[in-house]
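I opened a notebook page for this one and jotted down what I looked up, entry by entry. Here is how it went.

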Amino acid sequence: MDLKRRIPILRWSVWRMATATRNITTTGQIGDGREAAAVEYVLKNARAGDVDDVLATIDKFAYEKSILINVGDEKGLLLDTAVRRANPALALELGTYCGYGALRIARAAPDAKVYSVELAEANAANARRIWEHAGVAARVTCVVGTIGDGGGTLDVLANEHGFGSGALDFVFLDHDKDAYLDDLNSILDRGWLHPGTVVVADNVRIPGAPKYREYMRRQQGKRWNTVEHKAHLEYQSLVSDLVLESDYLG
Ligand SMILES: C[S@@+](CC[C@H](N)C(=O)[O-])C[C@H]1O[C@@H](n2cnc3c(N)ncnc32)[C@H](O)[C@@H]1O
């Protein structure tokens, strides 16, 4: 494997990202325009209507141009497997970024309606362009907001997009790591999950979601059954990460 692929600190775009932690939490972007550049790259280089090619082109951009904070190709395989197991009609992602994760969910569940909640309007606009190019825009929707905004975004999902009792088959948590548990609880409080709903959580080791991990450990065999998957942080093989896959028991 190419050394720069394996060892992220050899890449300038990784250093640039490391200094941009504040940007990521406030604007949802690294701050150097790489997300918009990724969209232009996809529109120029990926075959329109070809989801596989769009995903591969985003991965190529992240490896060869600037690293992106998508779930990525390695952990994406875990996501794909969990989605196929859930076989969702309705799936929800928290944290859209450039639309890569939602696109993987849409590919693994070809009949599903996929919703992705994103705090940054600019990310929503980028993701919509990618989904349009991939040909999935009719069934993949970005809702700008947060689950923790006091109920406004949850109400939009309920009133405008038909989220209701037991309707949600799959959830992908990949947004603010400190909000994983509270946001999952807010979704549970709405009654949208059903026994068998699958919840996947990325970045549980890095940046880390310790409260969420502890909760799933305490609930093992009670409300949830969880498998912890060891993997690597996106687009390199040096730093390890954890993906949690949890089945709701009801
Ligand atoms: C790691 S990226 C998501 C990557 C995406 N899931 C993928 O695999 O392509 C995190 C995203 O979550 C967004 N975000 C952060 N806090 C959020 C929140 N509370 N609600 C919704 N989105 C949030 C950020 O703006 C950023 O776009």
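**Backbone oddities**

I began with Y97, which is buried, with 26 other C-beta atoms within 10 Å. This is a predicted model, and I kept that in mind throughout. Y97 sits in the loop between β1 and α7. I checked its backbone too: phi is positive, about 55 degrees, although Y97 is not a glycine.

Next I looked at N87, another non-glycine residue with a positive phi, here about 45 degrees. N87 belongs to the loop between α6 (72–86) and β1. Is N87 buried or partly exposed? I found 14 other C-beta atoms within 10 Å, and a residue needs 20 or more to be buried and 12 or fewer to be exposed, so N87 is partly exposed.

I then looked at a peptide bond: the one from I206 to P207 is cis, with omega near -5 degrees. P207 lies in helix α11 (residues 204–208).

**The sheet**

In what order do the strands of the open sheet run? I read off seven strands, β3-β2-β1-β4-β5-β7-β6, with mixed pairing. The edges are β3 (140–144) and β6 (224–232); each has a single partner strand, so one side of each is left without a neighbour in the sheet. On average, neighbouring strands are turned by 15 degrees against each other, direction ignored.

A note to myself on pairing: strands of a sheet pair through backbone hydrogen bonds, either parallel or antiparallel. For β5 (residues 193–201) and β7 (residues 240–248) I found the antiparallel sense, over four bridges. I followed V198 across and found that its bridge partner in β7 is D247.

**Helices on the sheet**

I checked two helices that lie across strands. Helix α8 (residues 121–134) lies across β2 and β3, and runs at about 170 degrees to β3. Helix α12 (residues 210–218) lies across β5, β6 and β7, at about 45 degrees to β7.

**After the last strand of the pair**

I moved on to L249, in the segment after β7. Its C-alpha atom is separated by 6.3 Å from that of G196, with the two positions 53 residues apart along the chain counted as their separation. Leaving out residues up to four places away in sequence, L249 touches P195, R223, W224 and N225. L249 counts as partly exposed, with 14 C-beta neighbours inside 10 Å.

**The core**

Which residues touch the most other members of the largest nonpolar core? Of its 70 residues, they are I58, C98, L103, I105, A106, I130 and A201. Helix α7 (residues 100–108) gives the most to this core, with six residues. I wrote a general reminder beside this: in soluble globular proteins, nonpolar side chains tend to be buried together.

I picked A106 for a closer look. Beyond its neighbours within four places in sequence, A106 is in contact with A112, V114, V136, R139 and V140.

**Around the ligand**

My last entry was the ligand. How many residues surround it? I have 23, and the closest are G28, V71, G95, Y100 and G101. The elements giving two or more residues to this shell are β1 (90–94), α7 and β2 (113–118). By class, the shell has 10 nonpolar, nine polar and four charged residues. Helix α7 therefore appears on this page twice, as the element that gives the most to the core and as one of those lining the ligand shell.

Key:
Residues numbered from 1 in each chain as written. Predicted model: local features only at pLDDT ≥ 70, side-chain atom pairs only at ≥ 80, totals over all residues. Core = buried A, V, L, I, M, F, W, Y, C linked by C-beta atoms within 7 Å. Contact = placed C-beta atoms within 7 Å. Near = placed C-beta within 6 Å. Nonpolar A, V, L, I, M, F, W, Y, C, P; charged D, E, K, R; others polar. Pairing = 2+ DSSP bridges. Axes fitted to C-alpha atoms, helices over the stretch in contact; angles between N-to-C directions.
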